[in-house]
Amino acid sequence: MRNRFTRRRTLARACSPLALALSLAAAPAVAQTASDAPVNLDLGSVLSTGTGVAADLVQTPGTAPYEAPSKAPLNSSQPTSQVTRNTITNMTTGTESFADIARLTPSVSTIDPNGPGLQESNGPVLRGFQDGQYNVTFDGIPFGDSNDFTHHSTSFFTAKQIGQMIIDRGPGTAETVGDATFGGTMSIRTINPSAQRTVTPYGEWGSWDTNIGGVMLNTGSIQSANGTSAVVDAEHLQSNGGKTNTPQERSNFFGKVMIPVNTGTVVTVMVDYNKLFQSFDTGATAAQMAAYGTDYGNSTDPTSQGYYKYNTDHITTDMEYVDVQSNFGNGWLYDGKLYTYAYDHRGMNGLDPTQGITTGNVVTTTGTTASGVPLQKMEMAYRSFGTIQRLQKNLSFGDVKAGLWYDWQYNTRFQGEYVYVAGQGVLPNYTGYPSPTPGNYGQIDRLQHNQLYTLQPYAQLDWKPIDGLTVTAGLKYNMFRRTMNAPYNQGTQTALGFDHTWGKLLPSAEVKYAFNPNFTVYAQAAEGFLAPNMKILYIPTPSNNNFKPMTTINFQVGGTYQVQNLALSADVYNIHFQNYMQKAGSGTNTYYTNIGGAIYRGIEGEAAYTLGYGVTAFANAGYNQAFRTGSGDYITQAPQGTANFGMIYDQNGIYASVMDQWTGGEYSGTSGAINSPWANSPAGGKSPGGWYDPYNVVNLAVAYTFNHADPYRTPVKLKLNVDNLTNNRKAIFDQGTDGNNEILYTNLAGIGAFVNLEVPINF
C-alpha cells in the first residue's frame with residue numbers, strides 16, 4: 001500500500017546437436033516445427049523444473065495442438081496450460097506483459113486500464129488466488145518481492161523475450177519450488193538462440209502514440225567456439241498510455257549464451273536489464289469521469305495532487321543466472337543454477353490524487369511555515385541471491401530425484417510525507433511524527449530493512465510399474481526465516497526488531513496413466529504452503545501475534561487428448577484454504593490475523609478443432625468458486641469464471657485470429673462499489689463490498705509473412721493487432737476509496753490498434 005487509499009498492485013537449449021541430445025536424454029521434448037524449433041526445445045531444463053511439462057504431440061502448422069492459443073501438454077500430471085511462441089508472436093502485441101499472455105489460459109484474469117502492458121497490471125488472478133499467492137518463475141527461478149511475494153509485470157522483461165509460458169494451476173510436486181507454491185506457478189521461459197544467423201530490426205507503432213523500436217541478433221552455431229550460440233535483444237518502448245497523462249517509457253536489454261563444454265554438458269548464461277519510467281493513476285471517481293471522460297488518469301495542474309509529474313515510478317531491474325546442465329551417463333542427470341536479481345523502485349504520488357486531502361504544511365528553508373501540495377515519496381530496493389540444484393537418476397522402474405532451492409533477499413523499504421511548495425520544490429513534511437533531526441527526513445511512514453531466507457530441499461520418486469502408468473510421490477521441506485530491523489515500522493512508526501523461522505513438511509502424490517500416445521488422465525493430491533507476508537508485522541508487538549502460515553490441501557483430476565485435428569483437456573479441482581489471512585481492526589489498531597478457512601473449487605477445459613482450409617476453432621474456460629467456510633461469504637477480487645474463444649486462420653503466410661475474452665463477475669470488497677458509476681445499486685450477493693458484472697473484450701490479429709515460401713529471400717512479417725475491437729469502456733473494478741470516501745473506479749482501456757514490422761536479415 002503506497003498511501004491512504006487502496007492501490008492494488010499494478011504493479012535452452014541451443015540448436016546444436018549437443019543441446020538436442022541433452023534434452024532428449026532427459027525426456028521426450030516438444031517436437032520442433034519450422035517456426036518454433038529454436039524456442040525452448042526441452043522447456044528450459046534437462047531436468048523437470050516442477051511444471052509437469054516435458055513432452056507433447058508432434059506439432060505441425062495447421063494442426064489443432066499447434067494452433068491452439070492454450071493447450072494442456074499430453075504428459076501433464078496436474079492442470080497445466082501452455083502458450084507457445086507461435087501464439088505469442090502472432091496473437092499478442094509487443095507491449096503486452098506476461099500477465100496478458102497468461103490470460104489466454106483458463107481461470108486467469110488481469111486488468112490493463114492503460115492499454116496492453118502499458119501500466120503495471122492489477123496482478124493476474126489465478127482461480128481466485130491473488131498475486132502473491134502463487135509463484136512466478138523465470139527460466140525456473142522463483143522471483144518477486146519478499147515483503148508480500150507479488151510481482152511487477154512491466155519491470156523485468158518484454159514479450160519479445162518470452163519463448164513460452166506454462167501455467168500450472170496447482171501446488172505442483174515436491175520439486176516445484178517457490179515461496180508461494182500453493183496457488184500455482186506461472187512459468188516464463190525465455191527464447192533460445194535460433195539455428196540461423198540473423199539480425200532482425202523490428203518496430204511497432206500504434207494507439208496513444210505508442211512506439212517500439214528494437215533489434216535482435218542471433219549468432220547461430222559458432223563452430224570455432226565448439227557450437228556456442230547466442231541471442232541478444234535490445235528494445236525501447238514509449239507510449240502516452242490509454243488514459244490521460246499516464247505515459248510509460250521502457251528500455252530493455254536481454255542476452256543469452258549457450259556454451260557446449262563437452263559432449264555431456266551445456267552452460268547457459270543469461271543477462272537481463274530493464275529501466276522503466278511511468279506516470280501511473282489510481283482510478284477515477286464518478287465525478288471525474290463525468291467531467292473528463294472514462295479515460296481520465298492524471299491532470300496537468302501542478303497545484304493538484306493528481307498532477308501527472310507527482311505520480312511517477314522510476315524502476316530499474318536486472319536478472320542474471322548461470323545454468324549448468326550435464327548428462328553424466330548411466331542415467332545420471334544434473335541441473336544447477338546460480339542466480340541474482342534486483343529491483344530498485346523510486347516513486348512519488350499525491351497523498352490523495354482526487355483531492356480528498358487538499359493541503360499540507362511544511363517548515364521551509366526560511367524557517368517559516370508554508371502550505372502546498374501534500375505528497376508521498378517511496379523507495380523499495382532489494383536484491384536476491386540464490387541457487388537451484390537438481391539431481392536425477394533414471395532407473396529401470398522409474399526416476400529418483402533430489403534437490404534444493406535456496407534464496408536470500410535483502411529488502412529496504414521507505415515512505416515519507418512531503419509537500420511541494422511553489423518556488424521551493426518538494427520538501428520533507430516536518431509537521432508530524434517522528435520529530436526530525438537536521439539533515440534527516442521529516443514525517444516518516446516507514447523505514448524497514450528486512451531479509452527473507454528460504455530453503456526448500458526435496459526428494460521425489462516417479463515410479464513406472466507398467467507401461468503408461470507413472471506414480472509420483474515426494475516430500476519437500478519448506479523453511480523460511482523472516483527478519484526485520486525497522487527504525488520506523490509501517491503502521492506504528494515505532495522501532496521494531498523481529499526474527500522468526502517457520503517450517504513445514506509438504507507431501508505430494510500424483511498418478512498419471514497414458515491409455516495411448518494421444519490420451520492421458522491424471523489425479524493429484526498435494527499440500528501448499530505460503531510464508532506470511534510482512535503485513536503481520538505492522539503492529540507494536542508482532543511476537544504476541546500467534547499468526548499461522550496459510551496452507552492448502554489440493555485435489556485435482558483431469559485428462560488430455562490430442563490428435564492432429566483436435567486438442568482437448570478438462571479438469572476438476574477442490575482446494576481447502578486454511579488459516580486465511582485478513583485485515584482486522586481499524587485506524588491505528590489495524591492488524592492482520594487468521595480468520596478461518598476458504599474453499600476454492602471449479603471446472604476447467606480447453607479445446608481446439610481444425611475445420612480444414614487453415615481454419616481452427618478454439619475455446620477455453622474456467623468456472624471458479626471461492627468462498628469463506630462458515631460464513632459462506634464470497635472471496636473478493638475473485639472472478640467467478642473466465643473464457644477465451646474464437647477462430648484462427650493460418651495458411652499461405654497469412655495468420656488471422658479473432659478472440660473474445662470474457663471475465664466473470666466478482667466482488668470488489670469496497671462498500672458501495674457498483675458495476676457502473678451511475679447505477680443505482682449493486683447486484684445482490686452474499687459478500688461485503690460491491691459487485692461488478694461480467695465483461696468481455698474482443699481482440700483481432702492479422703499478419704502476413706512476405707516471401708514465406710521462398711527460402712532465398714527475407715521473410716518480412718507485417719502484423720496488425722486491434723485490441724478491444726468493440727471499444728468497451730465499462731467500469732470493471734475499483735481501487736478502493738479516496739480521502740473523501742469516493743470510490744476510485746477502473747475502466748477498460750478503449751480500442752487500440754498496433755502495427756508491427758519485423759525484417760530478419762541472414763548474414
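These are my notebook entries on a predicted model of one protein chain.

**Entry 1: the whole chain**

I started with the overall counts. The chain holds five helices and 38 strands. Of its 763 residues, 60% come out as buried. I also looked up the surface: about 26800 Å² is exposed, with carbon and sulfur atoms supplying 59% of that area.

**Entry 2: salt bridges**

I searched the whole structure for salt bridges and got 16. I picked a few to go through one by one.

My pick to begin with was Lys160 with Glu758, whose side chains meet at 2.4 Å, N to O. Lys160 sits in the loop between β5 (141-142) and β6 (162-168), while Glu758 belongs to strand β37 (residues 752-758), so this pair ties together parts that are 598 residues apart in sequence. I checked the burial of both ends. Lys160 has a relative accessible area of 14%, so I noted it as buried. Glu758 is at 21% and goes down as partly exposed.

Next I took Glu527 and Lys504, a salt bridge at 3.5 Å, N to O. Glu527 is in strand β22 (residues 519-530) and Lys504 in strand β21 (residues 496-516), so the bridge links parts that are 23 residues apart in sequence. Glu527 is partly exposed at 25% relative accessibility, and Lys504 is partly exposed too, at 28%.

Then I looked at Asp344 and Arg346, which pair at 2.8 Å, N to O. Asp344 is partly exposed with a relative accessible area of 26%, and Arg346 is partly exposed with 40%.

I also found a network of salt bridges, which links Arg127, Arg169, Asp571 and Glu604.

**Entry 3: Arg628**

What about an arginine that has no salt bridge? I went to Arg628, which is placed in strand β28 (residues 615-628). Arg628 is buried, and the nearest side chain of opposite charge is that of Asp633, 5.3 Å away. A salt bridge needs the nitrogen within 4 Å of a carboxyl oxygen, so at 5.3 Å Asp633 does not make one with Arg628. I still have Asp633 on the contact list of Arg628, along with Tyr580, Gln582, Ile595, Gly597, Ala598 and Ile635, once neighbours within four places in sequence are left aside.

**Entry 4: Thr137**

Is Thr137 buried or exposed? I get a relative accessible area of 5%, so Thr137 is buried. It is found in strand β4 (residues 135-138). Which residue did I follow up from there? I chose Ser187, which is 50 residues from Thr137 in sequence but 4.9 Å from it in space, C-alpha to C-alpha. The side chains of Thr137 and Ser187 are joined by a polar contact of 3.5 Å. Leaving aside neighbours within four places in sequence, I listed the contacts of Thr137 as Pro142, Phe143, Thr185, Met186, Ser187 and Ile188.

**Entry 5: a nonpolar patch**

Last, I went to the surface. I found a nonpolar patch of about 630 Å², made by Trp205, Ile654, Val702, Tyr704, Phe706, Leu718, Leu720 and Val755. Which strands each supply at least two of its residues? I wrote down β33 (695-705) and β34 (717-723). Tyr704 is one of the patch residues and lies in strand β33. I checked its accessibility as well: Tyr704 is at 31%, so it counts as partly exposed.

Conventions:
Residues numbered from 1 in each chain as written. Predicted model: local features only at pLDDT ≥ 70, side-chain atom pairs only at ≥ 80, totals over all residues. Heavy atoms only, no water. Helix = DSSP H or I, 4+ residues; strand = E, 2+ residues; numbered from the N terminus. Buried < 20%, exposed > 50% of the residue type's maximum accessible area, 1.4 Å probe, protein only. Lys, Arg positive; Asp, Glu negative; His and termini not counted. Contact = heavy atoms within 4.5 Å. Patch = residues over 30% accessible without salt bridge, like charges linked within 9 Å, V, L, I, M, F, W, Y side chains within 5 Å. Areas by Shrake-Rupley, 256 points an atom, 1.4 Å probe, with all protein chains shown as cover. Polar contact = N/O pair within 3.5 Å; in protein donor to acceptor, adjacent residues only side chain to side chain.
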